[in-house]
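Visitor: I would like a close look at one part of this model. Please take me through the metal site, then its surroundings.

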Amino acid sequence: WVLFRDEHGQAACIADSCAHRACPISSGTVEAGRAVCPYHGWKYAADGACTDMPSTVFCRNVGVRSLPVGEKDGFVWAWPGDGEPPSELPGFTRPPEEHAVHAEIFVDVPVEHGLLMENLLDLAHAPFTHTSTFARGWPVPDAVKFHAHKLLSGQWDPYPIAMAFQPPCMVLSHIGLAQPGKIERGVTAEQCARHLHQLHVCMPAKRGHTRLLYRMSLDFMPWARHVPFIDQVWKAVAGQVLGEDMVLVLGQQDRMERGIDTWNFPVSYDKLAVRYRRWR
Ligand code: FES
Ligand SMILES: [Fe+2]
């Protein structure tokens, strides 16, 4: 599939295979709201209809498939399902009340999206893996548990972090902070005065690759959004955290490609990731 904006600025999604000779349309350009195939210049409208066939007689009723598309809170949604798309787009991409978005980061990672999802849905690894970043100095708890409120969401214990898997490839985490940057123990996120809210979207990009979208919002420090180059700071922090995970996840991917099961021996704190795996 290829996404572009039509002449009215509306997002459009059409099959990424030219009706002429199957060249990827995504390698081309967009001209006046039409996607242009780079091979012989055939042009496509938002509904997939071919509108131009340069250098030959134009044939009507030629085109490619298109998907219904909607846009909300900075996200473009395409509907590849059968039947009509839902009338209402999901609302969870918007930060909760009183939170403001402080960072939005996009990064391509050379990892299958399921492995990345299972990494994000796991908090027990933090005091072992994230020793140079957010979990520096965290003691290793006697027990880490995930109390599920619903099938795919719940509360971590002893961390004040609520987490939810949002199908098909998103993770929401709501983190209670004692002081800016400090995690409290033995309380729930809701009992904390300050919160950091995260949305991770793991979009499968191509085989073995994920486009990771990260949106971070806070309900304190509103001034921080106006600090010059703050986006660079958040990007560096996010890159460091991801780097700590990548070493491990790439290693898992290597084992997976050699036919080894990455779920050899799940234990109780793996509950959410295992439920995700079953959902998949
Ligand atoms: S393959 Fe696209 S125009 Fe020829
Ligand atoms: Fe991690």
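**The iron site**

Guide: The donor residues of the iron ion (ligand 2) follow the sequence spacing H-x4-H-x114-D. This is a predicted model. The two histidines are His125 and His130, each coordinating through NE2. The aspartate is Asp245, which appears twice among the donors, each time through OD. The coordination distances run from 2.1 to 2.4 Å.

Now the geometry. Angles between the four donor atoms around the iron ion (ligand 2) range from 57 to 146 degrees. A tetrahedral label would need all angles between 85 and 135 degrees. The arrangement is irregular because of the angles that the four donor atoms subtend.

Next, accessibility. His125 is buried. His130 is buried as well.

Helix α1 covers residues 113-120. Eight of its eight residues are buried, so helix α1 is largely enclosed by the rest of the structure. Its buried residues include His113, Glu118 and Asn119. Leu115, Leu116, Met117 and Leu120 are also among them, and so is Gly114.

One more part is a sheet. Four strands make an open sheet, ordered β3-β4-β5-β6, with antiparallel pairing. Its edges are β3 (29-31) and β6 (50-52), and each of these pairs on one side only. Strands of a sheet pair through backbone hydrogen bonds. Strand β4 (residues 34-36) and strand β5 (residues 43-44) are joined over two bridges, in the antiparallel sense. Val36 has Lys43 in β5 as its bridge partner.

Conventions. Residues numbered from 1 in each chain as written. Chains lettered and ligands numbered in written order. Predicted model: local features only at pLDDT ≥ 70, side-chain atom pairs only at ≥ 80, totals over all residues. Heavy atoms only, no water. Donors = N, O, S within 2.8 Å, 3.2 Å for Na, K, Ca; no water. Tetrahedral: all angles 85-135°; square planar, octahedral: opposite > 155°, others 65-115°. Buried < 20%, exposed > 50% of the residue type's maximum accessible area, 1.4 Å probe, protein only. Pairing = 2+ DSSP bridges.
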